[in-house]
Structure formats: structure tokens, C-alpha cells
Amino acid sequence: MSEKAFDIVVFGATSFVGQILSRYLMQQYGVDGELKWAIAGRSEPKLVTLKSSLGDAAKELPVVVADASDEASLANMCARTRVVISTVGPYALYGEPLVRACVEAGVDYCDLTGEVQWIRRMVQQYEARAKETGARIVHCCGFDSIPSDLGVYFLQQQAQQRFGTPCNTVKMRVKVAKGGMSGGTVASLVNVTKEALADPALRKELANPYSICPPEFRPKLRQHNVKAAEYDEDYGAWTAPFIMSAINTRVVHRTNALTGAAYGSEFGYDEAMLTGRGLKGRATALGIAAGLGGFMAATAIRPARWALEKFVLPKPGEGPSPKAQEEGFYDLRFVGISEKGKLIRTKVTGDRDPGYGSTGKMLGEAAMCLAFDIDASERQAGGFWTPASLLGQPLLDRLTAKAGLTFEVIDGK
Ligand SMILES: NC(=O)c1ccc[n+]([C@@H]2O[C@H](COP(=O)([O-])OP(=O)(O)OC[C@H]3O[C@@H](n4cnc5c(N)ncnc54)[C@H](OP(=O)(O)O)[C@@H]3O)[C@@H](O)[C@H]2O)c1
């Protein structure tokens with residue numbers, strides 16, 4: 001298939017999520033079978049420790065030393081592989097040199113960033129060059145934003161089959177999401193808040209639902225955004241804001257833009273969390289909205305942020321226990337309505353905690369899909385893609401066959 005030593009290199013393999021991903025690739029694909037892969041990072045001793053924790057079968061797993069701030073080491077890593085996965089974050093702090101190295105080398109890349117402002121910068125600076133070199137860059141290959149992006153893709157396929165037209169309005173509602181946060185995710189959230197506080201233009205950009213769409217794609221539709229406790233007629237239940245909607249909705253709109261407005265030129269999409277019916281549902285929604293507001297306010301105030309980082313939130317390298325990952329799961333509900341009022345309900349579920357157990361598997365399969373499912377002869381052009389716009393059905397098939405996700409129609413008439 002290629003002269004390169006590896007199909008995939010996992011850069012940041014020693015990170016909290018990188019270790020979960022490495023364990024997943026090891027269990028699912030072993031070493032030197034169908035998949036040739038390596039673990040990479042800045043610390044050889046830590047990589048060697050990780051390798052021994054993966055068991056005897058990992059003895060032959062190659063280790064590559066590369067540092068996010070050392071361009072030559074990144075270029076060497078890229079010269080040896082067809083795909084790089086990166087879990088080195090916050091990406092806005094450490095990610096750019098690797099994206100540049102992959103783009104220059106024409107190497108495919110996927111990651112877990114949810115940092116909209118950074119994605120926008122990368123697209124602006126490197127998309128033209130990626131189109132020349134053939135590098136395919138796919139951000140957001142974790143819980144944000146694969147279930148949302150492929151969830152909408154799946155709903156629209158089903159709507160097309162049943163109604164002959166896509167739905168011009170889709171809502172995603174989190175029914176259940178059981179899991180925790182890692183230090184790396186906290187660091188990324190805190191970094192976005194810091195950048196936004198220092199830059200009014202960035203605050204405006206973060207509020208724009210089309211901020212990562214190509215500049216010529218600017219629908220007139222004002223997108224609904226659940227910012228407080230709200231009653232949802234379609235679900236007959238109360239809803240609260242969902243923190244990941246700030247990235248997921250942007251990715252879904254970019255997919256629509258990159259697929260020639262396959263969901264419609266004035267397509268509405270929003271996300272929220274279901275909190276239940278009646279007074280209890282309302283009280284829970286009010287509580288979540290207030291808690292989220294309090295968390296954002298605390299990360300914006302320097303002493304409160306310091307206290308949160310020091311005493312409350314997980315540190316880099318920390319995250320939910322293996323038991324919590326195992327016991328975690330999620331259930332996301334989608335409702336779509338076509339222009340003629342036809343309605344379809346679908347759901348997406350995952351069998352591990354969303355941010356880590358399930359994210360590790362999704363990221364691994366996104367990389368497998370990049371490496372094996374889109375044949376070189378029918379390779380799509382290089383550029384910055386979304387999971388659904390580049391990987392679409394092959395990724396959906398992989399996730400259901402191997403990674404514990406389900407995509408189902410509940411009701412479509
Ligand atoms: N999209 C999603 O659903 C999702 C889910 C989970 C996480 N994430 C994101 O994924 C990222 C990783 O999260 P995490 O909790 O796993 O992070 P983490 O445990 O804090 O790990 C960060 C990693 O970055 C590495 N690193 C830092 N500076 C480096 C450098 N100069 N060169 C090479 N490596 C360097 C660290 O290496 P050492 O091990 O050597 O210290 C470590 O492996 C974060 O950005 C987080 O927001 C996204």
C-alpha cells in the first residue's frame with residue numbers, strides 16, 4: 001500500500017486518552033498484523049512504561065520519540081507513517097507544528113480537539129497547502145463531535161430514504177451521558193476561556209455557528225441555542241444547555257457546507273440535555289444551567305480558576321477510573337423535521353464513558369478508516385474535513401461493528 005513503516009502513529013500515547021486508545025488498538029489489532037502502528041511522544045521512558053503495561057504481545061510495538069515543539073522530530077515522525085493521531089492537547093497551545101508537518105508531508109491526521117478557535121486558524125492557514133499535498137486533516141474525532149456529526153448524517157440518510165428529502169431542522173438531545181472529565185479536557189476548556197477573555201473578536205467568533213464553515217457559506221437562518229432551562233415540545237420534557245454543543249453544532253454545519261448543503265441551505269441544528277418532565281425536570285434544568293454558568297464564571301476569574309484547577313478539577317494525566325469508564329455510557333436522541341412536516345426520530349448510543357472509553361475507540365477507528373477505507377485510487381482531495389464529510393458510512397460501519405456504538409431509527413413517518 002505504501003513504502004512507509006507505519007500505517008498509524010499515536011502521538012501523545014502517554015496522555016490519559018492516548019493510553020486508552022493504545023490499549024484499544026493493541027486489543028483490537030495487535031502488532032504487525034493488518035495494522036502496522038507505533039506509539040509516539042516526547043518521553044521515551046514514559047513510552048517504554050506504557051508499552052510494558054500493554055502486555056507481552058506489545059514487545060514488538062515500535063516507539064517513536066518526537067516533541068510537539070521540535071519541528072525536525074515531527075517531520076521525521078511524519079516521514080515514517082501514513083496517518084498520525086494526536087492526543088497532545090490543549091491543541092491551541094501545542095498542536096500547530098504537527099498539523100503543519102502533516103500538511104507539508106501529505107500525511108493524514110486526526111485528533112480530539114474541540115477548540116473551535118484553533119480549528120478555524122488551522123483551516124485558514126493550512127487548507128490551501130493541504131489541498132496541494134493531499135493531506136487529509138480531520139479534527140474532532142472523539143465524543144465531540146463524532147456522535148453528533150455521524151448522528152445527523154445517519155438521520156439525514158434515513159430521512160432521504162423515507163421522505164425523499166433531508167430534514168431542514170434537527171435537534172439532538174442528550175438523554176443520558178455517564179462519565180467524567182480528564183485533566184487534558186479541563187486544561188483545554190480553561191485555555192479557551194482565557195483566550196476568549198483576552199480577545200473580544202474571539203468571543204464574537206465563538207458565538208458564530210458558522211465560524212468554521214468556508215467564508216462563502218453564510219446561511220441567513222438564525223440558529224436556536226439552548227442557553228437556559230427550556231421546555232421542549234418535541235420531547236415533552238425540560239432541557240438544559242449542553243456544554244459540547246458549542247463545538248458539535250459547528251462541526252455539523254461544516255459538514256453541511258462541505259457536502260454542498262446536503263442538509264439544506266437553511267438548515268437548523270441545536271443540542272441540549274434532557275432533564276425530565278414536570279417540576280423535577282424543570283428544577284434539574286435550572287440547576288444544570290446555573291451550575292454551568294457558575295463553572296464558566298469561575299474559570300473566567302483568576303483566583304477562582306486557580307482554586308478550581310488546584311483543588312477540584314483533574315490534573316493533566318488524570319481522569320475517570322477504569323471502572324468508571326467501563327460503567328459509563330451515553331444515549332443521544334435526534335429528532336428531524338422535513339420542510340413538509342414529516343418527522344423522524346433516531347438515536348445513537350455508546351457503551352463506555354463518552355469522553356474516554358468511547359472516545360479512545362472512536363478515535364482509533366477514525367484513524368483506521370483514514371488508513372484503510374478510502375482507497376488511494378479514490379482518495380478524496382486533501383484538505384480539512386469533518387468526520388461525516390470524509391469518513392461517513394465507512395466510519396459508521398466501523399463504529400457499530402467494533403467500537404460499541406449503535407445508530408437506530410426509533411420512529412419515521
Ligand atoms: N473530543 C473529545 O471528546 C475529547 C475527549 C478527551 C480528551 N480530549 C482532548 O484530548 C487532549 C488530551 O487529553 P488528556 O486528558 O488525555 O491529556 P493529558 O493526559 O493531559 O495528556 C497530554 C499529553 O500531551 C503530551 N505533551 C505535552 N507537551 C508535549 C510536547 N511538547 N511534546 C509531546 N507531547 C507533549 C503529554 O506528554 P507526557 O505524557 O510526556 O507528559 C501528554 O501525553 C486534550 O486536548 C483534551 O481536551 C478530547
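Biologist: What makes strand 1 and strand 4 count as a pair, and in which sense do they pair?

Modeller: Five bridges link strand 1 to strand 4, in the parallel sense, and two strands pair if DSSP finds at least two bridges between them, so five satisfy the rule. Within this pairing, valine 9 has valine 84 in strand 4 as its bridge partner. The model is predicted, and local features therefore need pLDDT of at least 70, side-chain atom pairs count only at pLDDT 80 or more, and totals for chains, interfaces and linings use all residues. Residues are numbered from 1 along each chain as its sequence is written, and side-chain values use heavy atoms, with hydrogens and water left out. The elements themselves are DSSP runs numbered from the N terminus (helices are H or I, at least four residues; strands are E, at least two).

Biologist: How do you know which strands lie at the edges of the sheet that holds strand 1?

Modeller: The sheet is an open one of seven strands in the order 3-2-1-4-5-6-13, with parallel pairing. Its edges are strand 3 (63-65) and strand 13 (383-385), each of which pairs on one side only. Averaged over the sheet and with direction ignored, neighbouring strands are turned by 20° against each other. Elsewhere in the order, strand 1 is joined to strand 2 by four bridges in a parallel run, with phenylalanine 11 opposite alanine 40 of strand 2, while two bridges join strand 5 (residues 108-111) to strand 6 (residues 136-138), also parallel.

Biologist: What makes strand 1 "mostly covered"?

Modeller: Six of the six residues of strand 1 are buried, where buried means under 20% relative accessible area, exposed means over 50%, and partly exposed lies in between (1.4 Å probe, protein chains only).

Biologist: How do you know that the length of helix 6 (residues 116-133) agrees with what is expected of a helix?

Modeller: The expected span is 1.5 Å times one less than the number of residues, and for the 18 residues of helix 6 this gives 26 Å, which agrees with the 24 Å between its end C-alpha atoms. Helix 6 nevertheless bends by about 55° at tyrosine 126, a bend being the angle between axes fitted to the seven residues ending at a position and the seven starting there. Among the buried residues of helix 6 are Trp118, Met122 and Tyr126. Just after helix 6 comes glycine 134, with a positive phi of about 90°.

Biologist: Why are helix 6 and helix 9 (residues 200-207) called roughly perpendicular?

Modeller: Helix 6 and helix 9 pack at about 95°, with their axes 10 Å apart. Angles under 35 degrees count as roughly parallel, over 145 as roughly antiparallel, 65 to 115 as roughly perpendicular and the rest as oblique, and the two helices are therefore roughly perpendicular to each other. The axes are lines fitted to C-alpha atoms, for helices over the stretch in contact, and angles run from 0 to 180 degrees between N-to-C directions. In this packing, Val116, Gln117 and Arg120 of helix 6 meet Leu202, Glu205 and Leu206 of helix 9, contact meaning heavy atoms within 4.5 Å.

Biologist: What makes strand 11 (residues 329-338) and strand 12 (residues 343-350) a hairpin?

Modeller: Strand 11 and strand 12 pair in the antiparallel sense over eight bridges, and four residues lie between them, including glycine 341, whose phi in the turn is positive at about 85°. Strand 11 also pairs with strand 7 (residues 167-178), in the antiparallel sense over ten bridges.

Biologist: Is cysteine 140 buried or exposed, and what is noted about its phi?

Modeller: Cysteine 140 has a relative accessible area of 2%, and is therefore buried. Its phi is positive, about 65°, although cysteine 140 is not a glycine, and its place is the loop between strand 6 and helix 7.

Biologist: Why is alanine 261 given another label, and where does alanine 261 lie?

Modeller: The relative accessibility of alanine 261 is 22%, and this value counts as partly exposed. Alanine 261, whose positive phi is about 55°, lies in the loop between helix 10 and strand 10 (268-276).
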